[in-house]
Amino acid sequence: PVPKVAVVGRPNVGKSSLFNWLVGKRVAIVEPTPGVTRDRVSTLLCLDFNERPTRHSSPRPRFKDVRDLLEEEDEELDEPSQPSDAARYVELIDTGGIGIVDRDDLSDHVERQIRIALEEASLVLFVVDVRDGRLPLDEEVADRLRRINRPTILVVNKVDHPGLEDRVAEFDRLGFDERILVSTKENRNRSGLLDLIARSV
Ligand code: GDP
Ligand code: MG
């Protein structure tokens, strides 16, 4: 089975941006597919981090059912002549894509994300925003994630330039050992994050 990776975090930190950025043009499927993942956004993500995402250069990906892809993958694995270091995949889940964000009940929104992470994911990408800094809702997410005790990578997003790196230290108090700095906007450290995911699942 393909490991599931849940993208979690308060609204506006860049979860959906991260999701699209990671998947790039290598996207195999984009959910929701009715009846399968009706109430969330998920996609198969290739962890071949040697490939840089290319913009405007490849044709639009063909929409495909995840089960077709998994079957194809199985067939390849059954074939003895195939190299064993074939590209690995995870299913990436944008847990924040579920339902509507109710500004009056952000805790509920967070709670839903945590539940999906707990029920489905073997790895959590906990996204925070370096420009906003550490907010109370980030601490709430962190508390909940610590309690479910699932392997978690703290993804500090919006580190658009080196001048913002000094501000990353304030997230140390959230208490996650695995930490990575990225900017989806400036395309910083995508391969580093894919590498870290590959080593963490
Ligand atoms: P979500 O609510 O967590 O899914 O966040 P979104 O992906 O919708 O992004 C929220 C806002 O942050 C949008 O305006 C994005 O364009 C912006 N954003 C996302 N990533 C970055 C980044 O790396 N740098 C900057 N400066 N803005 C970003
Ligand atoms: Mg979103």
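On helix α4, Pro136 and Arg147 are exposed, and they lie on the other side from Asp138, Val141, Ala142 and Leu145, which are buried. Seen down the axis of α4, the buried residues fall within an arc of 100°, so they line one face of the helix. The model is a predicted one, and the points below set this helix beside the ligand shell and the protein as a whole.

**Helix α4 and its surroundings**
- Helix α4 covers residues 136–148, and at 1.5 Å a residue its 13 residues should span 18 Å, which agrees with the 19 Å that separate its end C-alpha atoms.
- The packing partners of the buried residues of α4 are the strands β1 (4–8), β4 (123–129) and β5 (152–157), together with helix α3 (106–120).
- After α4 comes Asn149, a residue whose phi is positive, near 55°.

**Shell around ligand 1**
- There are 15 residues around ligand 1, and of these Gly14, Lys15, Ser16, Ser17 and Lys185 come nearest.
- Helix α1 (residues 15–23) supplies three residues, the largest share of this shell.
- By character, the residues of the shell around ligand 1 comprise nine polar, four charged and two nonpolar.

**The protein as a whole**
- The protein holds six strands and five helices, and from the N terminus on its elements follow the order β-α-β-α-β-α-β-α-β-β-α.
- Of the 201 residues in the protein, 32% are buried.
- Among contacts in the protein with a separation of 6 or more, 78% are between residues 24 or more positions apart.

Conventions
Residues are numbered from 1 along each chain as its sequence is written. Chains are lettered from A and ligands numbered from 1 in the order in which they are written. This is a predicted model: local features need pLDDT of at least 70, side-chain atom pairs count only at pLDDT 80 or more; totals for chains, interfaces and linings use all residues. Helices (H or I, at least four residues) and strands (E, at least two) are DSSP runs, numbered from the N terminus. The expected span of a helix is 1.5 Å times one less than its number of residues. A residue is buried if 20 or more other C-beta atoms lie within 10 Å of its own, exposed if 12 or fewer, and partly exposed in between; C-beta atoms are placed from the backbone. The arc is that of the directions from the helix axis to the C-beta atoms. Two residues are in contact if their C-beta atoms, placed from the backbone, lie within 7 Å. A residue is near a molecule or strand if its C-beta atom, placed from the backbone, lies within 6 Å of it. Ala, Val, Leu, Ile, Met, Phe, Trp, Tyr, Cys and Pro count as nonpolar, Asp, Glu, Lys and Arg as charged, and the others, Gly among them, as polar.
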